[in-house]
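Work through the exercises below with the sequence and the model open side by side, and try each task before reading its solution.

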Amino acid sequence: MNKEIESLWKGSSEPLLKALHILTRDGNLNADSRRKLKQVHHLVQLIEPFLQRTLKNRSKLHVTDFGAGKSYLGFLLYDLILRSIPDARLTSIELRDELVQKSKQLALESGFDRMDFVSSSIESARLPNPSDVVCALHACDTATDDAILFGIRENAHAFALVPCCQAEISSQLDLIRDSEKHPLFRHPLHRREFGSHLTNVVRGLFLNSKGYAVTVTELVGWEHSMKNELILAERKSTPDHPESVRAREALAKLLQEYKISPKLAHDL
Ligand SMILES: C[S@@+](CC[C@H](N)C(=O)[O-])C[C@H]1O[C@@H](n2cnc3c(N)ncnc32)[C@H](O)[C@@H]1O
């Protein structure tokens, strides 16, 4: 491996590096892969403390990666951290069966025997073990919300979410444009950006309302990806704690103010 690859790839498995198409045929890193690798490495480092804290209260650890695609994040999390934790498992959930089959094969070849791959939508996925830590990296549109709802149902300890494009709320904002001609929403680009912003505000408040402490930051520098907002959440209290109740009230007010009804908040 050349020096640049060594500095970016901390994993144990060179076949994995090749199979994930991080290397070009001549053994160099391609530009897109360099960006993705930096992003995923950084995310793995940020997730690690959650894994350690979860393990303080439980003997077993189950991490679930929703909208996994080629399971890039799952493979790195497993290779760098979970592989050396005996009772840790990782499940990747992905809609596209051809990606799931390829990942299964790659895990087999790499000897990663505590990785499971489920070909399913997030909404209809049924897993044998509850998810302690929920990850969703660039899960499309409302798939991030499906991952949040899944984790809430299972009382997950923590969430690491890097949302992707989001259309649900910006399409609801169209109603505002037609009915009120609000300057904030006149241009489609502004509606989309504002819709994304509002979507992530709703996600943060929703998690707060369920008893999670939430931080929102950039994952890596903006030059690496436009889809770069990182939402980390860790369970600290319960939905009936006064702070959670205040968050639920703030969320209800926000939804009313912008006349939006995202799926995430349907059970409010
Ligand atoms: C933009 S890709 C990101 C993949 C991967 N997490 C990564 O960062 O490389 C989003 C993936 O989510 C999957 N996906 C979208 N909606 C989904 C759903 N409702 N349930 C399961 N998978 C979904 C898509 O098939 C796609 O592979």
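A polar contact is a pair of N or O atoms within 3.5 Å; within protein, one must be able to donate a hydrogen and the other to accept it, and residues adjacent in sequence count only if both atoms are side-chain atoms. The model is predicted, so to speak of local features pLDDT of at least 70 is needed, and side-chain atom pairs count only at pLDDT 80 or more, while totals for chains, interfaces and linings use all residues. Residues are numbered from 1 along each chain as its sequence is written, and side-chain values use heavy atoms, with hydrogens and water left out.

**Exercise 1.** Find the polar partners of the ligand's nitrogen and oxygen atoms.

*Solution.* Start at Ile-122, where a polar backbone atom is 3.0 Å from a nitrogen atom of the ligand. Next, a ligand nitrogen lies 3.3 Å from a backbone N or O atom of Leu-95. Finally, the side chain of Glu-94 places an N or O atom 2.6 Å from a ligand oxygen.

**Exercise 2.** Describe the shell around the ligand by residue class.*Solution.* Of the 14 residues around the ligand (a heavy atom within 4 Å), Lys-36 is among those that come nearest. The shell divides into 6 nonpolar, 5 polar (Gly among them) and 3 charged residues.
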